[in-house]
Amino acid sequence: MGFLDINNVTKSYGSVEVLHKVNIAVEEGEFLVLVGPSGCGKSTLLNMIAGLEDITSGEIRIKDARMNGVHPSNRNIAMVFQSYALYPNMTVGQNITFGLEMHGVPKAEREKAMADVAKLLQIEQLLDRKPGQLSGGQRQRVAMGRALVRNPDVFLFDEPLSNLDAKLRVDMRTEIKKLHQNLGTTIVYVTHDQIEAMTLSTRIAVMNGGYVQQLGTPKEIYDTPSNLFVATFMGSPSMNLIRTTIRIEGVAVYAVTQNDRGEEVRLALCAPLDAIKSYDGKDVILGIRPEALTDVEGADHRSSHIESIRNTVTVTEPAGSDTFVATTIGGAECVARMRADAEVLPGQQAEFAFNMEKAVVFDPESENRIL
Amino acid sequence: MSTAAEADFKTRLQNWIPKLVLSPSLAMVLIFVYGFILFTVYVSFTDSRILPFVDKDGQRTFDLIGLANYEKLFKLSHWEIALTNMAVFAGLYIVVCTLIGLTLAILLDQKIRGEGFLRPLYLYPMALSFIVTGTAWKWFLDPGIGLENIVQAWGWENFEFDWIKNRDFAIYTVVLAAVWQTSGFVMAMFLAGLRGIDNEILKAAQMDGASNWNLYRRIIIPQLRPAFLSAFVILAHLAIKTFDLVIAMTGGGPGRATELPATFMYSYTFSRNQMGIGASSAVIMLITIAAIMIPYLYAELKEKK
Amino acid sequence: MAVASSDTAIRTGRFTRTLIYVVLLLFVLFYILPLYIMIVNSVKPLSEITGGGMMSLPSAFTIEPWAKAWSTAQVGVEPTGLRPYFWNSISMVVPAVAISTVLGALNGYILTKWRFRGDTILFGLMLFSCFIPFQIVLIPMAAILGVLGLSGTTAGLVLVHVVYGVGFSTLYFRNYYAAFPTELVRAAQIDGAGFFQIFWRILLPSSGPIIVVCVIWQFTNIWNDFLFGASFASGNGAPMTVALNNLVQSSTGVKEYNVHFAGAILAAMPTLLVYIVAGRYFVRGLMAGSVKG
């Protein structure tokens, strides 16, 4: 039992089920990010936690109290909306204290709470302005202030950064993270941006098609994605997926594919034999992140297992800190992340080093991870 | 919002208040609009002549006679005239309003200096009552004191313009006044449509070498289809409802030369004590309007979703 | 309509432009003509009109026709002028506009922010009621008003106008509130505000423009109505339009055209004033009346 429990929660509109038996237990002080493409059900789930949409079946508990059917204002939650949802006719100060006013908190107390929050968020000089006079970042702060002032059990964030420009988004991301570290509040945060999910969360739930695909720490999600969807959704550029055939020779396990000259190449997998034995001779999908596919000099020297392939460079994309290099392996376009000064030119041959410790293997039928 | 069974009091209350608040309006509309429509349909199947439906002794004053009223209605030359007039009136009214509205809109869209001054002058008739409009045009077109008299006083002794008193032409004077009243509104609808067209498309077409004429004919006017549709629907429904204007201008005359279904219904119901027939003519009017409005409203509502 | 033209891509030559201005000005004459005739002839003696001088400015200026139209002209059977009927219209329009606007605002709020199954159908039913030919309800309405004892009264007309006006006011507010961010309502719900608090504190303060649009539209429509007035209140309770028509159509005595024109202007004055003061909103209302928001 956690601080916020989502037990077998299902949501249907008419006969269409959009969320299927979701189970998540959030501990106190955790920062849970719900991430997925649009339409995956993440916002619906958040709205159900908030009480803005009813729960078709299952239950949601906060501090062990059942929340089904409880009015949003009685759940002791606060929400920051994508559009910030600041009341346009009220000043910043009135926006922040509106919830307290509705809950019958005396004026003096409201003023005090407002002053504290304004100080925390450094928006004291904005209190008498109307939302229309604020910049995007300021509105964002006010929206957070309105949530903070209630001192809720759970904070809900619905894509709060998606309306900001790129630079401000990064700054606000850091601020939200700081706020979480300083206040130790419990947060459920919805986003479609996998970088936000990785940087902010203590745990991530990757959602797709109304299912939670994987629930885990950012590292678990990134390094050991449980299926092809999670593997491709998380990380940018996304994980390279190469169709290979498993070949077992003695105790050695190889993933066999072709380079772009049609020659067979064998990549030794560092896998316990038992786990893969049944796949001998079968096709699997080898997944390797771009940073685990580099130039030889750039390869991780601590890795016990580097394999290299000589192959033709198709495109190079210098990105300043790194150079992304594209090549074709096993018929699939692969992107390698090389050092900025790696000397590679399109059309020329280059050595591509695979850090096989980081490689993962998926079953092409079920799309689930085998290794 | 939440399943009622387990919702707390506040949630349940919040679920009921909206429906409660909506219900008076809904009841009003259901009774006074749809209930009344059914009632009128019922009356159209009876031989009712006047109100009330029940006499002092509690006896009803009518019998059900099925479709007899409709049969009678379509045999009445009076009704036939009203329908013919309607066809002439509606056809001309819609076409002329659309033409004037579109022309004015296109001309106004040429970066006209003083557009803000001109537009209100085209539109103000919409703010007037048809009775006022009718009064003004009635006397202006009156041969005794109006146009004919004026032109004769200017020296053209032989000038004649007696359309409003002429059985063959009176209906056109009603068209004139109706066009005067609503063409500015149609202009506004087309202007809004023109302003909604993406300028980049026009620029692209000009790069392709389209002349102004072709630009309008091939690019702009085809894109105004929604505005044409709205204008048609609004004008058609206004035409069918036209009543006050005729009453004020000609009273349906001379003779029956400007009688329309709306005035027909009114006179049969309230002055000729033929309520059953009046009701059946109202039903015909409703069916005509419904045939135009319902598909339009349906499409509009579906689009909005 | 309200949006100003961004630079139009179309270019026209000088000759064409002159022609455009000429056509536009000719149309101005067409639209102005009846108003001009009403005004100039309302301030000249009858003899000038009958003598073929309808188009000319008054040579002997008089406000006699106005005074007569307002207070002594024969309307129907009594020489009361239009004054009592003007007040009839005022006392009918004010409550009818107020009630239909309030109901429309609440309906629009519910139909957009408290949606429920079947709400679109309900709205469709309300919307269609704006467009029916009112002949279809005249007979039962006359009967009901008789039963309620409201025949010929202002209260009866108020009821009628509220009933048949609520569809349009609902349409206005629904379209307006549809564009009002639902997240604000959700935020207020989380903040603990109830149905009426959300309406009063969050939506209403932002509803100024649409209230103006709705009030103007209802005012214009109800003031200008003739059919209901003539059907249900033809005697002393008649509204201004009916009285004007009675004045103009009265067949007794000499036709006093100048008095008729003065009366017509009196009947047109309130709506014209509204148009002059708030024409922008009037046009917005008209456009929304063609359903497309």
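## A walk through chains B, C and A

Start by colouring chain B by confidence: its mean pLDDT is 85, and 94% of its residues score at least 70. Keep in mind that what you have open is a predicted model. To see where the confidence varies, pick out two helices of chain B. Helix α3 (residues 77-108) of chain B has the highest mean pLDDT among that chain's elements, at 92, while helix α6 (residues 147-153) of chain B has the lowest, at 80.

**Stop 1: the whole of chain B**

Now switch chain B to cartoon. You'll count 13 helices and 0 strands, so to speak an unbroken run of α from the N terminus on. Turn chain B along its principal axes and its C-alpha atoms fill a box of roughly 75 × 70 × 30 Å. How does the radius of gyration of chain B stand against that of a compact globule of 305 residues? Chain B comes out at 25 Å, where such a globule would be near 19 Å. For packing, try colouring by burial: 44% of the 305 residues of chain B count as buried. If you like contact maps, look far from the diagonal too, since among contacts in chain B with a separation of 6 or more, 66% join residues 24 or more positions apart.

**Stop 2: where B meets C**

Bring chain C into view and select the contact between the two chains. On one side are 90 residues of chain B, on the other 80 residues of chain C. Which helix of chain B gives the most to this contact? Select residues 9-44 of chain B: that is helix α1, and 16 of its residues are on the side touching chain C. Colour that side of chain B by residue class and you get 66 nonpolar, 17 polar and 7 charged residues.

**Stop 3: the two domains of chain C**

Hide chain B and split chain C into domain 1 (14-67) and domain 2 (83-289). Their C-alpha centres are 32 Å apart. Where they touch, domain 1 of chain C puts in 9 residues and domain 2 of chain C puts in 8. On the domain 1 side, look at α1 (14-41), α2 (46-50) and α3 (64-72) of chain C, each of which supplies at least two residues. The largest share there, 3 residues, belongs to α1(C). By class, this side of domain 1 of chain C has 6 nonpolar, 2 polar and 1 charged residues.

**Stop 4: one helix of chain C**

Zoom in on residues 119-131 of chain C, which form helix α5. The helix has 13 residues, and from first C-alpha to last it reaches 19 Å, close to the 18 Å expected at 1.5 Å a residue. Show side chains and find the buried ones in α5(C): F123(C), M126(C), L127(C), S129(C), C130(C) and F131(C).

**Stop 5: chain A**

Last, move to chain A, where the cartoon shows 9 helices and 20 strands. The C-alpha trace of chain A spans about 75 × 45 × 35 Å along its principal axes. Of its 371 residues, 44% count as buried. In chain A, residues 24 or more positions apart make up 66% of the contacts with a separation of 6 or more.

Colour domain 1 (4-233) and domain 2 (240-362) of chain A separately. The centres of these two domains of chain A, over C-alpha atoms, are separated by 39 Å. How many residues of each domain of chain A are in contact with the other? Select 5 in domain 1 of chain A and 4 in domain 2 of chain A. The domain 1 side of that contact in chain A has 3 nonpolar, 2 polar and no charged residues.

Definitions and conventions:
Residues numbered from 1 in each chain as written. Chains lettered and ligands numbered in written order. Domains from an automatic or database assignment. Contact = placed C-beta atoms within 7 Å. Nonpolar A, V, L, I, M, F, W, Y, C, P; charged D, E, K, R; others polar. Helix = DSSP H or I, 4+ residues; strand = E, 2+ residues; numbered from the N terminus. Rg over C-alpha atoms; globule rule 2.2 N^0.38 Å. Buried ≥ 20, exposed ≤ 12 C-beta atoms within 10 Å, placed from the backbone. Expected span 1.5 Å × (residues − 1). pLDDT = per-residue confidence, 0-100.
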